[in-house]
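Please open the model in a viewer and keep the selection panel at hand. The tour proceeds by selection, one region at a time.

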Amino acid sequence: MELVVASSVAALTAGGVYLILRMRAFAVIVGLALLSYAVNVFIFASGRLVVNEPPILDKYGDGIYTDPLPQALVLTAIVISFGMTAVLVMIALGSYLESGDDRIDLDGPRTDAEDGAQ
Amino acid sequence: MNHWIIAPVILPAMLAPLIGFVMRHDISLARAASVTGTIFLAAISVGLLILATSGETHVYKLGDWEAPYGIVLVLDRLSALMVFLTSLLALIVLIHAIATGWDNRGRHFHALFQFQLMGICGAFLTGDVFNLFVFFEVLLIASYGLMIHSGGKARLQAGLQYVVINLAGSTLFLFALGTLYATTGTLNIAHLAVRLAEIPVEDAALVRVATMLLMIVFAVKAALFPVQFWLPGTYANAPAPVAALFAIMTKVGAYAILRVHTLAFGPEIAATEGVAGSWLFPAAIVTIAIGAVGVLGARRLMPLIAFSVVGSMGTLMIAISAFTPEATTAALYYLVHSTFAAAALFLIADLVVTRREVDGLAAMPVTQQNGLFAALFFAAAIGMAGMPPLSGFLGKLFVLDVMRDPAELPWAWTAILAGSLFTIVGFARAGSVLFWKSTATPAAVLAGDEVAAPMPPAARPMELAPSMAALALLVLLSLLAGPAAGYLERTSAQLFDRAGYVGAVLGTDLEG
């Protein structure tokens, strides 16, 4: 169980970082989405991995339970990252339509002459 | 429980959708609402400043849940000061944006502006690290909209880069919070301070990882080496009033480091002792160097100012990295100064650049009021570079004075003094090319054809007032340096009184 969760977080993170380093808008968006999945699973695991137990204490407070707080945190994180990805897609689209180029780095296509004229 | 504490968050949060939905077709209505709201925000922040002067730490429990279970807002001298700073800067920037018509060059400027204020004020007031994350996201998503306000190719490309780096930063923030929660079981800053003190040094590896991750996240916001690279592109391509407002955004990162790394990962906590400071110090030195080289190398006015902001963040971080009350006093003084100095520079540069239509550092046909713009630019540049008589000089002197640790003194003094020299040279070059060489050109232009483009109009008093107000605040800050330093001294004393903060929030003492 721990191994499965840990390796899935690792695989998602590695894929996300690799895609972000591609410096092209589409790859970066997918990479950030992968990273946000990775972090969501990671936050889930921060409350310890427990299967088939209720998220509340029993009458005496001595039974096994799942920590409910990370679930609330994950919900917030999912909503925020979803909204952010939507904004990112719109800005990337605007940038692509405006410049005809989907590069993320500013230094490549701009020449010195352009720089001076701006 | 004083309900005014949450007002700086609620007021913009209510106003922004109202402006966005109801007043979106009427710019004058939106302007009136936005200015009124910001004036009210300033009035509230003055009230909070007075409330906090007593030295008591005021706690606002959301939904009246007790501290470690519910989210708290905490008002002490530091957060009151930062909220006051934000509202003052916001008022100046807003009037400039309205007077120069920037707010009408795209849509929803005022709604986004209010959301931005909500996020910044919330980040300064919150006493919970996850809530801090949420407010960071609020201020970031508003800043994305403001950054690409009025569009254009260069701006959208720079905006995309800015969004990507900050989304990566947010992910890192969540990783840090997950690690922190896994090791301590809490995300309340005061509760963290208690829990972290109980962790023995042998088991502190994960906590140290979380400390460093959090510091990297805040360093991204504060534009600290090696994650400073987003700032020059963003600030140089953002609309100038937005860049001026962003002067407070880098300070959000500085504030977060100051708050979290003194209170939760404080100097007295064995598990994380010295982790933050030992990395911050060299990073700050390199940041100053990058800022100085950037100021010298810039070929356009806006990147030049952006790099000077990077340099000033380096100076600020040197003082913060010491994590002592004296150094924090100096850091806070420099923080207040550099916020207004950067804002003044961006606003004045905006007036100049809009009239020349290009911001390249080359001699151009002279514009009207050349002498006035030159005087304003040099005054702001003096403030930024840290020359007398403005408060930048006092601020840097203050920082130099507290960096007396023999191990750090040579590095800190060399970096700050050399960085200031480079900045002075860079600004002097920029100013003389822009304003003095330009006076020579109009004769040639006039001798040419008669149909040359008409001179851009002179700046109206309303357009000049905001930048002059920012400069006046610098003058005021140097005239009232004594009382200001006294207040900041009490502020940092309160910040380092960890037991007082924990007691106010949790109702127990630090050991309990």
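The stops below cover an interface, a helix pair and a nonpolar core. The model is a predicted one.

**First stop: the interface of chains A and B.** Select both chains and display the residues at their junction: 30 residues of chain A are in contact with 30 residues of chain B. On the chain A side, colour α2 (25-45), α3 (68-99) and α4 (112-117), each of which supplies at least two residues to the side that touches chain B. Of the elements on this side, α3(A) gives the most, with 14 residues. Colouring the chain A side by class shows 20 nonpolar, eight polar and two charged residues.

**Second stop: a helix pair in chain B.** Select residues 301-321 of chain B, helix α13, together with residues 391-402 of chain B, helix α16; their axes come within 10 Å and cross at roughly 35 degrees. The crossing of α13(B) and α16(B) is left-handed. Show side chains for B:T315, B:I318 and B:A319 in α13(B), which meet B:K396, B:V399 and B:V402 in α16(B). By class, this contact comprises four nonpolar residues, one polar and one charged.

**Third stop: the largest nonpolar core.** This core has 232 residues, and those with the most contacts inside it are B:A343, B:A344, B:L345, B:I348 and B:A380. Select residues 325-356 of chain B next: this helix, α14, provides the largest share of the core, 20 residues.

Which residues is B:A344 in contact with, leaving aside its neighbours within four places in sequence? Centring the view on B:A344 shows them: B:A380, B:G383, B:S467, B:A470, B:L471 and B:L474.

Notes. Residues are numbered from 1 along each chain as its sequence is written. Chains are lettered from A and ligands numbered from 1 in the order in which they are written. This is a predicted model: local features need pLDDT of at least 70, side-chain atom pairs count only at pLDDT 80 or more; totals for chains, interfaces and linings use all residues. Two residues are in contact if their C-beta atoms, placed from the backbone, lie within 7 Å. Helices (H or I, at least four residues) and strands (E, at least two) are DSSP runs, numbered from the N terminus. Ala, Val, Leu, Ile, Met, Phe, Trp, Tyr, Cys and Pro count as nonpolar, Asp, Glu, Lys and Arg as charged, and the others, Gly among them, as polar. Axes are lines fitted to C-alpha atoms, for helices over the stretch in contact, and angles run from 0 to 180 degrees between N-to-C directions. A crossing is left-handed if the near helix is turned anticlockwise from the far one by less than a right angle, and right-handed if clockwise. A nonpolar core is a set of buried Ala, Val, Leu, Ile, Met, Phe, Trp, Tyr and Cys residues joined through C-beta atoms within 7 Å. A residue is buried if 20 or more other C-beta atoms lie within 10 Å of its own, exposed if 12 or fewer, and partly exposed in between; C-beta atoms are placed from the backbone.
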